[in-house]
Amino acid sequence: MKLNRTSFSAAAVLLASVALPGISHATVTVLGWPGGSEETALRATVEAYNAQSGIADADKVELLFFNRDGFFDKLQADMAAGSDAFDVNLVATYSIGRYAPYMEPVDLGADAGKVFGESVLKTMQFDGKQYGVPTDLSLHFMYYRKDLVDALMQDDAAKKKYAEIAKEHLGKDLQPKDPDSWTWDDWAATTLYFSKQVNSESPVRYGTVLQMKNLLFNMMVFQSLPRSYGADWTDKDGNVTVDSDAYKTGLELYKKLYDAGASPKDSLSYEYAETNAAYGSGQAATALQWNAAAADLTNAEKTPAVAAVTGIVAPPAGPNGRADHIHGLGLGLNKNAKNKEGAVKFLKWLATEDAALLYARSGGSPALAPDVAAKVSKERPDLVKLGEFASQYGYVMNGATSANALSVYELQAKEFTGYWAGQQSLEDALAHTKTGMQDLLKK
Amino acid sequence: MAIVNRAEGRAYLTPLVGFLLFFLGFPAAVNLVYSISTVSFETLRSPSLSGFGNYAAVLADHEFWGAVSFSMRFGVLTALAECLIGLFLAVFLTPLLAKRSYLMAPLMLPLMVAPAMIGLMYRLVLHEFAGPVPYYLFEWFGDSPAFLDVDNAFRTLLVVEILQWTPFAFLLFYMAYAAIPLEVREAASLDGASALKALWWIEVPLMLPTLVIAFFIRFIDGFRVFDNVYALTGSGAGGSTTSLSIYIYQAFFKGGAIGKAVAASVVLFLASLAVLYGLNWITGRGRR
């Protein structure tokens, strides 16, 4: 009898364990971007959503996070396997094409355009269909040391030295300029001037920190340079144009600066975190870095050496003006969602002005339309700059939302870093990249 | 009399065999099917058989052979260095450890850390602006080398791997060295053998099976290296630190070339099997 009772209890526990996940599915599960401001903002926004009186228990939102490392690989494996463990999943501009087969388009309503603006909504579109709500926008800032540049501008002897260095290394007659009017040549001359290897009197060890690791995200940072010289992945007819003069100019400038010692020797292993550490140490005069770093690099507690003297401008200009790579993170609908109705309801709410403002106030970085951004300009002045740079200089390369966009970045990272490391010639690197891109971008 | 009869033995073994068949046999079978199929993430459940094209593509890919070369050099050099240093430590530290066995714990510490964490740790340790190594090199010599640039990355990765896994070889050799009967050493000493001769002609031959096994285990581990290399340098500038495991990972996830990646993994599997059979043959011959 005792055995029967034990067995009965065990069976009950087993049944409960099977049934409980069933109960938990009667909610909307959202797979978000883990860590950082995005998670903090999403948590606060979801809390507010769940607290609304009109939200049924079955439509309340639960959050799910896993590690950032290999996030998109894991997401791809999950979605390809038809996972229904989440109803709403993260999607990024550069990976929409890859995940679109496992997602469903969602109609965000007419007001979404007024909140975000059509250009920002487009960062979440594939084949003309809206696949997500844009939650965060990423682009690049040129961070620079105001104290160093100011001192250079006020010192005639320093200006003379600067002009000599520019002539010797770049073959151009240049004078120091305000960073907001830098061309890439001005920036290059400045980085050379502030490099000990070129100018032993430099107050800092390096003029800049180049992110040159064989990593796809580093190609996004780099490509604004060739873009400002007119570069694109393909022309209007779909022909790959990566072997253009614009790309050659950009690649050669990076190599010239690296070889001259304007960037740390280990730059070929540098990515986001290393760049922050290098610039934050006070030993680099400039850094082209993601906007997400602004909060840390201008925070005196986190970066005491440079926070008070760091200025931020848009990336320098080329012959075609300034260019700033943009991509968005957003949330979209899993094709295998168990609670599609609840998921769509949440996504539509997330695209409203109230939700976007709440997300912004909670630390997120949504790109908002100017009149909406004005409502949070006091709490989040950086969002005004983000919106301004995105609208004036933001671009997306032709083909950069296609199914193989990530693979194109991977290919470029491998070939371009091979050139920078001196393992292959520029012509070989571009020829290999062109052949690979033709294969990856063919319909 | 047998403790269990044949039928009972089968009954007891069935769950284990079933477990192995399901968790090892099923993925292996799927791998084999994928390796001769045209398959993408969209068609994972409906691959179409296409012959041995994936194998041909892998074998014709110079990046595959570059990765094989990297893994082979990495595996051989790290296994050799770990075994030599491990043997040296075992011989010289045995008298000390016999008296102070608690010293064994700190010596084993590197084994307790996950390789990926080791990679991340050295990313910090070797960083010019955050790491202690470049800091002191700048303090003392006014300069620090680029530990992870294309010229030095391989050497740095070797050192990182050797520092972590030498304790494993040391542990095996220490146990083997300590297990040599005292009488053998006494007999050698009475015959007038010097310590060096006793080591070379008596102790090392007695430890030979352990040396061989340790070398092959470390070679296999070095050959399939992924975590610490990926955390430290990724696949390196221009793919210069692409091990075979990283090649497979990148072909599968980054390139979406599932058939090719799986074909490469089958080649790796067959190579590993050959090494294991070789190991088995060598140790079997030693026993005879």
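This note reviews a predicted model, taking in turn its chain interface, the domains of chain A, the build of chain B and the salt bridges.

1. Extent of the chain interface. In this predicted model, chain B places 32 residues in contact with 33 residues of chain A. The size of an interface is often given as the accessible area lost when the parts come together. For chain B and chain A that area is about 2700 Å², with 48% of it on carbon and sulfur atoms.

2. Polar and charged pairing between the chains. The rule finds 5 salt bridges across the interface of chain B and chain A. A salt bridge joins A:K265 to B:D143, and their closest N and O atoms are 2.6 Å apart. Polar contacts between chain B and chain A come to 16 residue pairs, with both residues at pLDDT 80 or more.

3. What chain B brings to the interface. Helices α10 (227–233) and α11 (244–254) of chain B each supply at least two residues of the side that touches chain A. By class, the residues on that side of chain B are 14 nonpolar, 10 polar and 8 charged.

4. Domain division of chain A. The domain assignment splits chain A into domain 1 (22–138 + 327–395) and domain 2 (140–325 + 404–441). Each of these domains is thus listed with two sequence ranges. The C-alpha centres of domain 1 and domain 2 of chain A are 31 Å apart.

5. Contact between the domains. Within chain A, 12 residues of domain 1 are in contact with 19 residues of domain 2. Together the two domains of chain A bury about 1500 Å², and 63% of this area is on carbon and sulfur atoms. On the domain 1 side, A:Y94, A:Y393 and A:Y395 lose the most area to domain 2 of chain A, together 48% of what that side buries.

6. Character of the domain boundary. How many salt bridges are counted between domain 1 of chain A and domain 2 of chain A? The count is 0 salt bridges, whereas 8 residue pairs are in polar contact, both residues being at pLDDT 80 or more. In chain A, the elements giving two or more residues to the domain 1 side that touches domain 2 are β7 (133–138), α18 (381–393) and β15 (394–395). Helix α18(A) gives the most to this side of domain 1, with 4 residues. The classes on the same side of domain 1 are 6 nonpolar, 4 polar and 2 charged residues.

7. Build of chain B. Chain B has 12 helices and 2 strands. From the N terminus, its elements run α-β-β-α-α-α-α-α-α-α-α-α-α-α. The radius of gyration of chain B is 24 Å, against a value near 19 Å for a compact globule of 288 residues. The C-alpha trace of chain B spans about 75 × 70 × 30 Å along its principal axes.

8. Salt bridges in the whole structure. Over all chains the structure holds 30 salt bridges. Among them is the pair A:E104 and A:K340, whose closest N and O atoms are 2.6 Å apart. Because A:E104 lies in strand β4 (residues 103–104) of chain A and A:K340 in helix α15 (residues 340–350) of chain A, this pair ties together parts that are 236 residues apart in sequence.

Conventions
Residues numbered from 1 in each chain as written. Chains lettered and ligands numbered in written order. Predicted model: local features only at pLDDT ≥ 70, side-chain atom pairs only at ≥ 80, totals over all residues. Heavy atoms only, no water. Contact = heavy atoms within 4.5 Å. Buried area = accessible area lost by both parts, 1.4 Å probe. Salt bridge = Lys/Arg side-chain N within 4 Å of Asp/Glu carboxyl O. Polar contact = N/O pair within 3.5 Å; in protein donor to acceptor, adjacent residues only side chain to side chain. Nonpolar A, V, L, I, M, F, W, Y, C, P; charged D, E, K, R; others polar. Domains from an automatic or database assignment. Rg over C-alpha atoms; globule rule 2.2 N^0.38 Å.
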